[in-house]
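Student: Could you take me through one part of this structure slowly, and show me how it connects to the rest? I'd like a close look rather than a quick tour.

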Amino acid sequence: MRRLLLVTAAASLAAIGVASSQDATMSFFVTSVGSGKGADLGGLAGADAHCGSLAEAAGISGKTWCAYLSTSDTDARDRIGKGPWFNAKGVKIADDVASLHSDANAITKQTALDEKGEMVNGRGDKPNRHDVLTGSKPDGTKIADQTCGDWTLSGAEGAAMTGHHDRTGLDDSAAAKSWNSSHASRGGCSQDALRSTGGDGLFYCFAVN
């Protein structure tokens, strides 16, 4: 009985240690799930809350999370703090905003992990989920009329610019390999429309502190 208690206590301490390690380092992830309503995320406030909720459920607390999303009056690059940012495995994604929006960033399918430290399906997987909502140009600034009504639409109207978290597309063009500005959604802002081009309403989350 005594040995069982000691083993249980050791396991608990190990779990706490893992959580503490994540809490100290993780500052970037791809959402494991979207809102379930296509690109209707409840606006920026709803998207930010979704980031925070997922992080909390994964054992990450004490951080302020913001979605990497542009709107008609906001640039995604201005929402995410100064960096550096690390994924759930402690791998550095970028040092700062400038390096994040350059070839120096380390975003790949292997590093653009979700909040649980798991890889997100990309091109070639079933289902493909590599289209990540951003509403942004390659430099992280907004694209007019490609934010699905500032993340409030979920029907046949509107469009959302997406990036490829796996840096892979139909060809070798810069757009196909872009993590934040590859192509717009087709057929609107619904969940089905996003899925039709290889998405699932996922987006990037960054800790700003």
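Tutor: Strand 8 and strand 5 run parallel, joined by three bridges. Please keep in mind as we go that this is a predicted model. In that parallel pairing, Leu133 has Phe203 of strand 8 as its bridge partner.

Strand 8 has other partners too. Strand 1 pairs with strand 8 in the antiparallel sense, over three bridges, and here you can find Val30 opposite Tyr204. Strand 2 is also an antiparallel partner of strand 8, again with three bridges; look for Trp65, which stands opposite Ala207.

Now ask yourself how well covered this strand is. Nine of the nine residues of strand 8 are buried, so we can call the strand mostly covered. A residue counts as buried when its relative accessible area is under 20%.

That leads us to the interior. In soluble globular proteins, nonpolar side chains tend to be buried together. In this model, the largest nonpolar core has 41 residues. Trp65, Leu69, Leu100, Leu133, Trp151 and Phe203 are the residues with the most contacts inside that core. You have already met Trp65 as the residue opposite Ala207, and Leu133 and Phe203 as bridge partners. Several elements supply at least two residues each to the core, among them strand 1, helix 2, strand 2, strand 5 and strand 8. Strand 8 gives the most, with six residues.

To get a feel for how such a core residue is surrounded, pick Leu100. Setting aside neighbours within four places in sequence, Leu100 is in contact with nine residues you can look up one by one: Tyr68, Ile80, Trp85, Ile93, Ala94, Asn105, Ile107, Trp179 and Phe206. Phe206 in that list is a residue of strand 8, which spans 199–207.

Strand 8 is also tied to a helix by a covalent link. Cys51 and Cys205 form a disulfide, with their sulfur atoms 2.0 Å apart. Cys51 sits in helix 2 and Cys205 in strand 8, so this pair links distant parts of the chain, 154 residues apart. The link is left-handed, with -80° about the S-S bond. Both ends are hidden: Cys51 has a relative accessible area of 0% and is buried, and Cys205 is likewise buried at 0%.

Two disulfides are found in the whole structure, so let's visit the other one as well. Cys148 is bonded to Cys189, and their sulfur atoms lie 2.0 Å apart. Cys148 belongs to helix 4, while Cys189 is in the loop between strand 7 and helix 5, 41 residues away in the chain. This link is left-handed too, with -95° about the S-S bond. Cys148 counts as buried at 1% relative accessibility, and Cys189 does at 0%. If you count the bonded cysteines along the chain, the pattern of the disulfides is 1-4, 2-3. Cys66, on the other hand, is in no disulfide: the nearest cysteine sulfur, that of Cys51, is 7.7 Å away. Because a disulfide needs two cysteine sulfur atoms within 2.5 Å, that distance does not qualify. Cys66 is nonetheless buried, with a relative accessible area of 13%.

Finally, come back to strand 8 for a charged residue. Side chains of opposite charge can pair when their charged atoms come close. Asp200 forms a salt bridge with Arg195, and the closest N and O atoms are 2.8 Å apart. Asp200 is buried, with a relative accessible area of 12%, whereas Arg195 is partly exposed at 47%. Arg129 joins in as well: salt bridges that share partners connect Arg129, Arg195 and Asp200 into one network.

So, to gather up what we saw of strand 8: it pairs with strand 5 in the parallel sense, and with strand 1 and strand 2 in the antiparallel sense. Strand 8 also gives the most residues to the largest nonpolar core, and holds Cys205, which is linked to Cys51 in helix 2.

Key. Residues numbered from 1 in each chain as written. Predicted model: local features only at pLDDT ≥ 70, side-chain atom pairs only at ≥ 80, totals over all residues. Heavy atoms only, no water. Core = buried A, V, L, I, M, F, W, Y, C linked by side-chain atoms within 4.5 Å. Buried < 20%, exposed > 50% of the residue type's maximum accessible area, 1.4 Å probe, protein only. Helix = DSSP H or I, 4+ residues; strand = E, 2+ residues; numbered from the N terminus. Contact = heavy atoms within 4.5 Å. Pairing = 2+ DSSP bridges. Salt bridge = Lys/Arg side-chain N within 4 Å of Asp/Glu carboxyl O.
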